[in-house]
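Good morning, and thank you for coming. I should like to introduce a structure that is new to most of this group, and I ask you to keep it in view while I speak.

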2 protein chains.
Amino acid sequence: MSLRHAILVLLQDEEASGYDLAREFANSIGLVWNATHQQIYLELGKLNEQNMVHYRHVPQDGKPDKKLYRITDEGRQELVRWLRRPAAPARVRDAFMVKVAGAALADPETLLGELDQLVQQRKERLANFEAEARKLERQSEGNSRFQHLTLRRGILDQEAWLAWAEEVREVLEDTLSHQH
Amino acid sequence: MSLRHAILVLLQDEEASGYDLAREFANSIGLVWNATHQQIYLELGKLNEQNMVHYRHVPQDGKPDKKLYRITDEGRQELVRWLRRPAAPARVRDAFMVKVAGAALADPETLLGELDQLVQQRKERLANFEAEARKLERQSEGNSRFQHLTLRRGILDQEAWLAWAEEVREVLEDTLSHQH
DNA sequence: ACTGCTTATACAACGGATTGCGCAGGCACA
DNA sequence: TGTGCCTGCGCAATCCGTTGTATAAGCAGT
């Protein structure tokens, strides 16, 4: 149950709306902890009830009104407490990997197609992370070092995945050529 | 909802008990899809009702009796159908990574301690995967190539994580020395 | 004109997942 | 003799997460 803590971490340096947070979860932090907007709005509601965050209503024209959330002292205290406790073990759900493990029964061509799509996605992500990392390297404040580490994790992860994908491709192509 | 498919993949080459599967989920496949024994027993019950798997009761002495599960033709068909459909996007929940992102508020020493423990775990995992991979390389049947790829993923992943951990250590130690 | 994307928030229902508990015997170690 | 760990199976409650649906307005492309 630490979606709340991920939200608090994001609110640590900036005031943000639920929508802003949802976008961040879709990009940078998403690699590490994913959440949809429904989850986020719900959690923000709970955090507000518990005085961990406060918001101010901001009317906009052209666009719908929004609520800009900010972390409170109580929220910051909760975050510090959580940081002291040992982290829960990481959980993963990667269906594509399960497929590769069971690929003996699969059609290699279909899998190769899916692999190509994923390679495409990962390459785009890698480029994004690298661009973000370069931005951060220029402005080095106290907090940006840790944001940079998160990006480095993303970069190393994409690179490792892409290297692995090449090994998968070789095996699948070999399987294909032996079928005919 | 593809815990069922992960189970079917594991049962593809071997007859196994719920306990056996739980161990595999804790080790090899666990990197990619995790599940606890409660989930596994529940799912095996459902799969059995739907004739995707069958089991035979095996009495043991010294140890409790067990049920050895085997995949059925219907189960294999379901697996093939699933392999054809595009995989659901991967989901991650890595609390430690969230911590690093929010480390500006954390106590660097506590985090370093946790990092050391995780490095230890990852190194052990890496050694296990490498040993398993060497075993598989000797006996190269049709199916073992895909199992080998799963292990390769595990190996590359641990290596990338360990490289990243060194970067984290540097930053944390630097933060520490500037505090005093 | 129509379709679809973007900004913005939110409820309801269902199913999946985690946590807690319980049983049961054997083996090893102190 | 007690404690803890390994082998094995399972139920119940609750919590988390996903999917579907709703509203509302603007802007871009076909």
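Before I name any part of it, one term: helices and strands here are DSSP runs, numbered from the N terminus, with at least four residues for a helix and at least two for a strand. With that numbering, A:Gln12 can be placed in the loop between helix H1 (3-11) and H2 of chain A. Please also bear in mind throughout that this is a predicted model.

Let me stay with A:Gln12 for a moment. Is A:Gln12 buried or exposed? Its relative accessibility is 15%, and since buried means under 20%, A:Gln12 counts as buried. Setting aside residues up to four places away in sequence, A:Gln12 touches A:Ile71, A:Arg76, A:Leu79 and A:Asn143. On chain B, A:Gln12 touches B:Gly102, B:Ala104 and B:Leu105.

I turn now to chain A as a whole. Its secondary structure consists of seven helices and three strands. Read from the N terminus, the order of these elements is α-α-α-β-β-α-β-α-α-α. How is the chain spread in space? For 180 residues the globule rule gives 16 Å, whereas the radius of gyration of chain A is 21 Å, well over that figure, so chain A is more spread out than a compact globule. The C-alpha trace of chain A spans about 65 × 45 × 35 Å along its principal axes.

Of the 180 residues in chain A, 48% are buried. Chain A exposes about 9600 Å², and carbon and sulfur atoms supply 49% of that area. If we take the contacts in chain A between residues at least 6 apart in sequence, 57% of them join residues at least 24 apart.

A single residue illustrates the interior. A:Leu47 belongs to helix H3 of chain A, and A:Leu47 is buried, with a relative accessible area of 0%. Beyond its neighbours within four places in sequence, A:Leu47 is in contact with A:Arg4, A:Ile7, A:Leu8, A:Met52 and A:Val53. A:Leu47 also lies 8.2 Å from A:Gly75, C-alpha to C-alpha, although the two are 28 residues apart in sequence.

The next subject is the DNA. Which residues are closest to DNA strand C? In total, 19 residues surround the strand, and the closest are A:Tyr19, A:Tyr41, A:Gln60, A:Lys67 and B:Gln39. Of the atoms of DNA strand C that come within 4 Å of the protein, sugar and phosphate account for 69%.

Three polar contacts deserve mention. An N or O atom in the side chain of A:Tyr19 is 2.6 Å from a phosphate oxygen of DNA strand C. For B:Gln39, the distance from a side-chain N or O atom to a phosphate oxygen of the strand is 2.4 Å. B:Gln38, by contrast, has a polar side-chain atom 3.3 Å from a base oxygen of DNA strand C.

Several elements give two or more residues to the surface near DNA strand C. From chain A they are helix H2 (18-26), helix H3 (37-49), strand S2 (66-71) and strand S3 (91-93), and from chain B, helix H3 (37-49). The largest share, three residues, comes from H3(A). By type, the residues of this surface divide into five nonpolar, eight polar and six charged.

Now to chain B. How many residues of its helix H1 (residues 3-11) are buried? Nine of the nine are, so the helix is largely enclosed by the rest of the structure. Among these buried residues are B:Leu3, B:Arg4, B:His5 and B:Ile7. Their cover includes helix H5 (95-101) of chain A, and within chain B it includes helix H2 (18-26), H3, strand S1 (53-58), strand S2 (66-71) and helix H4 (73-84).

Further along chain B, helix H7 (residues 144-179) contains B:His148. At 19% relative accessibility, B:His148 counts as buried. Not counting residues up to four places away in sequence, B:His148 touches B:Ala133, B:Leu136 and B:Glu137.

I close with a point of backbone geometry. Most residues other than glycine have a negative phi. A:Asn51, however, has a positive phi of about 60 degrees, and B:Asn51 has a positive phi near 60 degrees. A:Asn51 lies in the loop between H3 and strand S1 (53-58) of chain A, and B:Asn51 in the loop between H3 and S1 of chain B. A:Asn51 is partly exposed, at 37% relative accessible area, and B:Asn51 is likewise partly exposed, at 37%.

Key
Residues numbered from 1 in each chain as written. Chains lettered and ligands numbered in written order. Predicted model: local features only at pLDDT ≥ 70, side-chain atom pairs only at ≥ 80, totals over all residues. Heavy atoms only, no water. Near = heavy atom within 4 Å. Polar contact = N/O pair within 3.5 Å; in protein donor to acceptor, adjacent residues only side chain to side chain. Nonpolar A, V, L, I, M, F, W, Y, C, P; charged D, E, K, R; others polar. Rg over C-alpha atoms; globule rule 2.2 N^0.38 Å. Buried < 20%, exposed > 50% of the residue type's maximum accessible area, 1.4 Å probe, protein only. Contact = heavy atoms within 4.5 Å. Areas by Shrake-Rupley, 256 points an atom, 1.4 Å probe, with all protein chains shown as cover.
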